[in-house]
Amino acid sequence: MQANPGERDDGKVGSARRGVAQARRVVVKVGSSSLTTAAGGLDADRVDALVDVLATSRRKGDREIVLVSSGAIAAGLAPLGLRRRPRDLARQQAAASVGQGLLVARYTASFARYGVRVGQVLLTSDDMSRRAHHRNASRTLDKLLAMGALPVVNENDTVATDEIRFGDNDRLAALVAHLVHADLLVLLSDVDGVYDGDPGRPGTSRIAEVRGAEDLAGAEIGSAGKAGVGTGGMVTKVEAARIAAAAGIPVVLTSAVHAADALGGGDTGTYFHPTGKRSADRLLWLQHASTPQGALILDDGAVDAVVRGRKSLLPAGIAAVEGEFGAGDPVELRDTSGRAVARGLVGFDAREIPPMIGRSTHELARELGPAYEREVVHRDDLVLLRS
């Protein structure tokens, strides 16, 4: 949106973004609306324009770029004769199957103009919440970058179900940025930043910087883009920016037409300052990408041990089990009122836990064997949802 509203800025934008141009490893996310027409189908000129910017930025200062690209479903609409994005999962998967090949082929041809090789990486939330799969994804991306290729990442919409979807590629981009230890995340869409109201309305201001939640207080954050071919909106972009910032990664949120300025450290869009420090990779995935397969209800003593004592969850502290899950699945840890206090990777199947409830590990080891003298959820596989 190219309007001339005012800006909310404290005069320190230049100094805050000084490090953007020096960022060596950058994750760039682009939305469907920036790559396709409203009727569906890829817009070759838009793809080429984005590739021109990324290839040029990549050559400056030996920069590495990972591209998280939406557009597979949107690209498959027109070839399949679909007038709009379908709501049912089966037709979405069919459109993704057709569109993903077209999307990667377009990127491959466009980047070839600069002698850049492209590698496709398709992920699901289920892949990333499991430790072994998480390591594989990390290894693949690192190796592609080390070999001089440019990874193009997308959710695997062809096989993903509602239960194992990231929901939008903005959140996926934030998690990928953490996974590859990025120095910067750039979120590109059809909106040139976060505004304190409708950007098309006179008197609204662009929020140039966000240091914390208070800087977004009172801002009207819309939930849909203009083109109507994607799943995200400003709400998902702001949430993705918060996830990355909490992991110590600065974020620039702007429109695709301002991509060059964003990557060069220019005063465009909204800059999110890092608000936290990097945590263990898979813990970020566990907190933001996993779908709990069940729940463990904790007594008051266990809640205190897990939340305030940062201890592992032992069988003695469990009051009840809900759902069907297997060992290694993500589960919620809830207090007796039903509030989720943590999320973790469980060490036992759901059917194994009921006989263990309220009993010590030593007692269980004597009766059932040494395999039961261990935690139900280890503290290294646990993230707190409230303190």
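Is H181 buried, exposed or partly exposed? I began with this residue, working in a model that is predicted. H181 counts as partly exposed, because its relative accessibility is 42%.

**Entry 1: backbone at H181 and R310**

I located H181 in the loop between helix 7 (169–179) and strand 6 (184–189). I then read its backbone torsion: phi is positive, about 60 degrees, although H181 is not a glycine. Most residues other than glycine have a negative phi. I noted R310 under the same heading, with a positive phi of about 50 degrees, and this residue is not a glycine either. R310 sits in the loop between helix 11 and strand 12. It counts as exposed, because its relative accessibility of 51% is over the 50% cut-off.

**Entry 2: aromatic pairs**

I searched for paired rings and found two aromatic pairs in the structure. One is formed by Y107 and F111, and I recorded it as tilted, with 6.3 Å from centre to centre and 35 degrees between the planes. Both residues belong to helix 4 (residues 89–112), where they are four residues apart and therefore separated by about one helical turn. I found Y107 buried, and F111 buried as well.

F348 and Y372 also form an aromatic pair, a stacked one, at 5.6 Å centre to centre with 20 degrees between the planes. This pair links distant parts of the chain, its members being 24 residues apart. I placed F348 in the loop between strand 14 (340–345) and helix 12 (361–368), and Y372 in the loop between helix 12 and strand 15 (382–384).

I next checked the accessibility of both rings. F348 counts as buried because its relative accessibility is 1%. Y372 has a relative accessible area of 18% and is buried too, because the cut-off is 20%. I also looked at what lies over the face of F348 and found R374, at 3.9 Å from the ring centre.

**Entry 3: the five-stranded sheet**

I traced an open sheet of five strands, ordered 12-11-13-14-15, with mixed pairing. Its edges are strand 12 (318–323) and strand 15; each has a single partner strand, so one side of each has no neighbour in the sheet. On average, neighbouring strands are turned by 25 degrees against each other, direction ignored.

I examined the pairing of strand 11 (residues 294–298) with strand 12: the two run antiparallel and are joined by five bridges. For A295, I identified E322 in strand 12 as the bridge partner. Helix 11 (residues 300–307) packs on this sheet and touches strand 11, strand 13 (330–334), strand 14 and strand 15. I noted about 105 degrees between the direction of helix 11 and that of strand 11.

**Entry 4: D45 and S110**

I found D45 in helix 2 (residues 44–59). D45 is exposed, as its relative accessible area is 63%. I compared its position with that of S110: the two are 65 residues apart in sequence, and their C-alpha atoms are 10.0 Å apart in space.

**Entry 5: confidence**

I looked up the mean pLDDT of the protein chain, which is 85, with 85% of its residues reaching 70 or more. Residues 1–11 have pLDDT below 50, and the model gives this stretch 28 contacts beyond near neighbours in sequence. Over residues 223–231 the pLDDT stays under 50, with 25 contacts beyond four places in sequence. Where pLDDT is low, I do not read the predicted coordinates in detail.

Key: Residues are numbered from 1 along each chain as its sequence is written. This is a predicted model: local features need pLDDT of at least 70, side-chain atom pairs count only at pLDDT 80 or more; totals for chains, interfaces and linings use all residues. Side-chain values use heavy atoms; hydrogens and water are left out. Rings of Phe, Tyr and Trp (its six-membered ring) pair if their centres lie within 6.5 Å; planes under 30 degrees apart count as stacked, over 60 as edge-to-face and the rest as tilted. Buried means under 20% relative accessible area, exposed over 50%, partly exposed in between (1.4 Å probe, protein chains only). A charge sits over a ring if NZ of Lys or CZ of Arg is within 6 Å of the ring centre and within 35 degrees of the ring normal. Two strands pair if DSSP finds at least two bridges between them. Axes are lines fitted to C-alpha atoms, for helices over the stretch in contact, and angles run from 0 to 180 degrees between N-to-C directions. Contact means heavy atoms within 4.5 Å. pLDDT is the predictor's confidence in each residue, from 0 to 100.
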